[in-house]
Amino acid sequence: MELSAFIRDVPDFPEPGIVFKDITPMLANNDARRAAVDELLSAADGQAVTMVAGIESRGFILGVPVAERLGVGFIPIRKAGKLPAETHRVEYSLEYGTDALELHVDACDPNDRVLIIDDVLATGGTLAAAVECVEATGATVVGASVLIELTFLAGRTRNATPIHSVFEVA
Ligand code: AMP
């Protein structure tokens, strides 16, 4: 299945000059969604993953079925101020200003081997912050699996963790 056919480009969203990769057509198609989860799962091969972490919010939609297929838990990495209990908080820079991600301090522990899931790897700052959140718990990040990698933004260069992308946009 050609998954990229189910990703819609929305120009100038959320701001002029950005081509937004809209995964909603893929989510709306059962076969495409299942194929996407299959592809994301391949990053877990041989990694003894014990926990899947999803980055808010499309990483939740994709991460939960990945966790279910692996038979492991799912933990949400959220934007600042959303998680109710004590969190590790990591700030990261955006094009303008900063943002922050949070993870509950007890979401995972040093015995866990965590696979991180998101929809798009762009500049890589979000993923780097997510890795930092997980590592703050003492857990090991075995890698990240994303649907779309915008290679022209070189997100891999900001991340030491192994990254699997289902397809690349150059
Ligand atoms: P970055 O930190 O630049 O790698 O941005 C990655 C995060 O922003 C991911 O959580 C994506 O969901 C979102 N994102 C960045 N660029 C796009 C894009 N062109 N289309 C859709 N989502 C994007």
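Where is the place of Thr137? I looked this up first in the predicted model, and I found Thr137 in the loop between H4 and S8.

**Entry: Thr137 and its surroundings**

I then asked whether Thr137 is buried or exposed. Its relative accessible area is 10%, and because buried means under 20%, I noted Thr137 as buried. Its side chain has a polar atom 2.6 Å from the backbone oxygen of Val134, and a polar atom of that side chain also lies 3.2 Å from the backbone nitrogen of Ala139. Setting aside the neighbours within four places in sequence, I listed the contacts of Thr137 as His88, Leu103, His104, Val105, Cys108, Asp109 and Pro110.

**Entry: helix H4**

I turned next to H4, which covers residues 125–136. At 1.5 Å a residue its 12 residues should span 16 Å, and the end C-alpha atoms are 17 Å apart, so the computed distance agrees with the expected span. As buried residues of H4 I wrote down Gly125, Leu127, Ala129, Ala130, Val131, Cys133 and Val134. After H4 comes Gly138, and I noted that its phi is positive, near 95°.

**Entry: the strands around H4**

I followed the chain through S7, H4 and S8, which together make a right-handed β-α-β unit. S7 and S8 pair in the parallel sense over eight bridges, and for Asp118 I recorded Val146 as the bridge partner in S8. On its other pairing, S8 runs parallel with S9 over six bridges, where Leu150 has Val169 in S9 as its bridge partner. I also checked how covered S8 is, and 10 of its 11 residues are buried.

**Entry: the nonpolar cores**

Which residues touch the most other members of the largest nonpolar core? Of its 26 residues, I found these to be Leu3, Ile23, Met26, Leu62, Val66, Leu115 and Leu147. At least two residues of this core come from each of H1 (24–28), H2 (30–41), H3 (58–70), S7 (113–121), S8 (140–150) and S9 (163–169), and the largest share, six residues, is supplied by H2.

I looked more closely at Val66, which, leaving aside neighbours within four places in sequence, is in contact with Val37, Leu40, Leu41, Val52, Leu115 and Ile117. Apart from this core lies another, of 25 residues, and I noted Ala53, Ile77, Val134 and Val141 among them. Val134 thus appears in my notes as a member of that other core, as a buried residue of H4, and as the residue whose backbone oxygen lies 2.6 Å from a polar side-chain atom of Thr137.

Methods. Residues are numbered from 1 along each chain as its sequence is written. This is a predicted model: local features need pLDDT of at least 70, side-chain atom pairs count only at pLDDT 80 or more; totals for chains, interfaces and linings use all residues. Side-chain values use heavy atoms; hydrogens and water are left out. A nonpolar core is a set of buried Ala, Val, Leu, Ile, Met, Phe, Trp, Tyr and Cys residues joined through side-chain atoms within 4.5 Å. Buried means under 20% relative accessible area, exposed over 50%, partly exposed in between (1.4 Å probe, protein chains only). Helices (H or I, at least four residues) and strands (E, at least two) are DSSP runs, numbered from the N terminus. Contact means heavy atoms within 4.5 Å. The expected span of a helix is 1.5 Å times one less than its number of residues. Two strands pair if DSSP finds at least two bridges between them. A crossover is right-handed if, with the strands pointing away from the viewer, the path from the first strand over the helix to the second runs clockwise. A polar contact is a pair of N or O atoms within 3.5 Å; within protein, one must be able to donate a hydrogen and the other to accept it, and residues adjacent in sequence count only if both atoms are side-chain atoms.
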